[in-house]
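Colleague: Hi, have you got a minute to look at some aromatic side chains with me? I'll pull the model up here.

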Amino acid sequence: MHGPASPGWLLVALCAATGAYCLLRMRSEVEEQRRAAGGEALMGFGMAAMAVPAAAFTPPPWAWSVYALVFGAAALRALWAARASTHHLHHLVGASAMVYMAVVMAASPGHHTGSGIPFLTGVLLLYFVGYVLLSGVRLVPVAAGGGTVGWGDRPELARACRLSMGIAMVAMLATL
């Protein structure tokens, strides 16, 4: 991503940790939660890879096409899954945002275009800022459940995972 190296490495760490937790959530007993966690793990690790500062590693030009194809496929899967659960619409927006960022990065590797915030970037920023605010509000009232709950089935951690990815998406879109 464009921008200073220190925040880039913090984004890499945040997204990689979130992706790792989502892999842990894939061990849940609830099938829908496993599916959602798989898509969120892909997003977390993909965001971590995209957030590596350009000063540390500049991917080859074809890598952005691979990102676009992988997240395009994830967007199609989320669109298909949205028939059963509207939560997957957020995955659709997130995967589409990743495709958009890959296309922008392919068009202007290593520097800002200087044209301000394009319309689509602004719309995505508004969506993710709203998502982050709503997720933060939803995270506050989560009460501890009774009994023993595995790490993959803790709703407050799943919400915190989604919140951290939303914050990372805002940061990535803002530095695009």
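Modeller: Sure, and keep in mind that this is a predicted model. Let's start with Tyr-131, which counts as buried because its relative accessibility is 14%, and the cut-off for buried is under 20%.

Colleague: Okay, and where do Tyr-127 and Tyr-131 lie?

Modeller: Both are in helix α5, which covers residues 119-139. They sit four residues apart, about one turn of the helix.

Colleague: How many aromatic pairs does the structure hold?

Modeller: There are three aromatic pairs. One of them is Tyr-127 with Phe-128, an edge-to-face pair with 5.0 Å centre to centre and 85° between the planes. Tyr-127 also pairs with Tyr-131, and that pair is stacked, at 6.4 Å centre to centre with 15° between the planes.

Colleague: Why do you give a distance and an angle each time?

Modeller: Because a pair of aromatic rings is described by the distance of the centres and the angle of the planes.

Colleague: Fair enough! Is Phe-128 buried or exposed?

Modeller: Phe-128 is buried, with a relative accessible area of 2%. Tyr-127 counts as partly exposed, at 31% relative accessibility.

Colleague: And which residues do the ring pairs link into a cluster?

Modeller: Tyr-127, Phe-128 and Tyr-131.

Colleague: Changing topic: what lies over the face of Trp-80?

Modeller: That's Arg-83, at 3.7 Å from the ring centre.

Note on methods
Residues are numbered from 1 along each chain as its sequence is written. This is a predicted model: local features need pLDDT of at least 70, side-chain atom pairs count only at pLDDT 80 or more; totals for chains, interfaces and linings use all residues. Side-chain values use heavy atoms; hydrogens and water are left out. Rings of Phe, Tyr and Trp (its six-membered ring) pair if their centres lie within 6.5 Å; planes under 30 degrees apart count as stacked, over 60 as edge-to-face and the rest as tilted. Buried means under 20% relative accessible area, exposed over 50%, partly exposed in between (1.4 Å probe, protein chains only). Helices (H or I, at least four residues) and strands (E, at least two) are DSSP runs, numbered from the N terminus. A charge sits over a ring if NZ of Lys or CZ of Arg is within 6 Å of the ring centre and within 35 degrees of the ring normal.
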